[in-house]
Amino acid sequence: MSETTSSLAPADLQALADDIKTWGRELGFQQVGITDTDLEHHERYLERWLAAGHHGEMSFMAKHGTKRTRPAELVPGTLRVISARMDYLPPEVETTKTLGQPQIAYVSRYALGRDYHKLIRKRLAQLAKQIEQRVGAFGYRAFVDSAPVMERALAQKAGLGWFGKNSMLLNPQAGSLFFIGELYTDLPLPVDEPFASEHCGKCDACQVACPTGAIVDDKVVDSRRCISYLTIELHGAIPEQYRRAMGNRVYGCDDCQLVCPFTRFTRLSREDDFAPRHDLDRASLLRLFSWSEEEFLSNTEGSAIRRIGYPRWLRNLAVGLGNAPPSEAVRAALRARLAYPSDLVREHVRWALAEQAQKQAALIAAE
Ligand code: SF4
Ligand code: SF4
């Protein structure tokens with residue numbers, strides 16, 4: 001802690017905390033809260049989740065030990081966490097309607113535009129700069145879904161929402177379609193009340209709607225079944241038992257949020273960065289599958305999608321095409337990829353062709 005900050009009187013710290021929230025809103029965050037670093041309860045939950053193997057191939061979830069649940073072990077000197085949330089759903093973007101159009105690709109609505117990490121980190125840095133102008137040099141680090149940080153747990157403690165049964169953070173006025181970022185800081189700011197009440201009640205809409213049964217318990221998602229994990233995190237083959245359930249979801253999945261009654265309170269984002277690029281909110285599976293590797297790299301430049309790489313992009317789209325209504329155009333596009341130099345892609349293309357053939361045969365038999 002710097003000399004300047006250690007000498008701030010409690011009243012100054014309270015005024016600073018109030019200003020941080022105002023500055024945060026001026027910078028485009030919808031809500032900002034402050035919490036301490038005690039995540040003991042969440043540490044036990046994480047241990048149980050990891051012990052059950054629910055993290056699948058995401059070894060990074062286990063590899064940082066207690067740094068994830070003890071912020072001061074990750075950033076020495078951290079006393080408080082400033083947690084901020086930003087809505088992301090762009091206007092005029094369909095959600096469930098697109099899911100119901102099996103020839104259209106469904107991309108998770110958070111990934112339609114530019115990579116959110118940069119924008120949110122930049123805004124957090126601006127917030128830190130404003131604090132610095134007030135108190136002088138102080139210790140901080142900004143995070144956005146990029147380090148071993150318990151983002152949702154910290155946000156819940158900072159009063160931003162509760163953990164829904166789908167394990168997402170839910171806010172009664174905004175649903176769950178928002179990003180969370182945080183500033184770890186050595187400022188001894190007054191903390192906010194945690195969001196203590198839970199409003200799910202008897203609702204189980206998310207558990208019922210999950211296409212793969214991935215919500216295995218209250219607030220417990222088994223990533224190995226989750227379409228978000230299967231399409232984004234998993235490097236190898238998508239287990240066959242989940243391929244049909246993926247439908248047209250080719251990058252992420254929003255079902256457990258879209259059915260949530262609190263999603264009707266979603267506030268639309270006016271951030272240009274989150275607006276869909278290359279019609280990713282409405283493009284056909286065939287069109288995206290026709291992208292060359294060069295087109296994929298150029299069209300996903302600055303987008304979170306780029307990180308999965310071209311072979312996994314084709315893998316996901318092949319599954320979507322296997323699930324699409326039978327058509328010669330789909331089969332021709334798939335056949336054109338049968339020689340693609342990746343076992344992973346070829347295997348999914350063969351599966352998709354078999355699905356298409358089966359549906360075509362059923363169609364002919366029904367005539
Ligand atoms: S993201 Fe999709 S697959 Fe994963 S838990 Fe939610 S509904 Fe299920
Ligand atoms: S769908 Fe129902 S149970 Fe699931 S998170 Fe929303 S309110 Fe909670």
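Colleague: What distance separates the centres of domain 1 and domain 2?

Modeller: This is a predicted model, in which local features require pLDDT of at least 70 and side-chain atom pairs count only at pLDDT 80 or more, whereas totals for chains, interfaces and linings use all residues. Residue numbers run from 1 along each chain as its sequence is written, while chains are lettered from A and ligands numbered from 1 in the order in which they are written. The protein is divided into domain 1 (3–91 + 112–185) and domain 2 (284–353), with bounds from an automatic or database domain assignment. Taken over C-alpha atoms, the separation of their centres is 36 Å.

Colleague: Where does the largest nonpolar core lie?

Modeller: A nonpolar core is a set of buried Ala, Val, Leu, Ile, Met, Phe, Trp, Tyr and Cys residues joined through C-beta atoms within 7 Å; buried means that 20 or more other C-beta atoms, placed from the backbone, lie within 10 Å of a residue's own. The largest has 88 residues, and Leu285, Leu317, Ala318 and Leu321 have the most contacts inside it. Both domains give residues to this core, so it lies between domain 1 and domain 2.

Colleague: How many residues of α14 are buried?

Modeller: Helix α14 (a DSSP run of H or I, at least four residues, numbered from the N terminus) covers residues 309–323. Its buried residues include Trp313, Leu317 and Leu321. Leu317 is in contact (C-beta atoms within 7 Å) with Ala105, Val250, Leu285, Leu288 and Phe289, leaving aside neighbours within four places in sequence. The helix is mostly covered, and of its 15 residues the number buried is 12.

Colleague: Which helices do the buried residues of α16 pack against?

Modeller: Helix α16 spans residues 343–366. The buried residues are Val345, His348, Val349, Ala352, Glu355 and Gln356. They pack against α14 and α15 (328–335).

Colleague: Which helices each supply at least two residues of the shell around ligand 1?

Modeller: Among the 13 residues around ligand 1 (C-beta atom within 6 Å), Cys210, Cys226, Cys253, Asp255 and Cys256 come nearest. Two helices each contribute at least two residues to this shell: α9 (227–233) and α11 (255–258).

Colleague: How many charged residues does the shell around ligand 2 have?

Modeller: Gly164, Cys200, Cys203, Cys206 and Cys260 come nearest of the 13 residues around ligand 2. Ala, Val, Leu, Ile, Met, Phe, Trp, Tyr, Cys and Pro count as nonpolar, Asp, Glu, Lys and Arg as charged, and the others, Gly among them, as polar. By these classes, the shell has 9 nonpolar and 2 polar residues, and the number of charged residues is 2.

Notes: Expected span 1.5 Å × (residues − 1). Contact = placed C-beta atoms within 7 Å.
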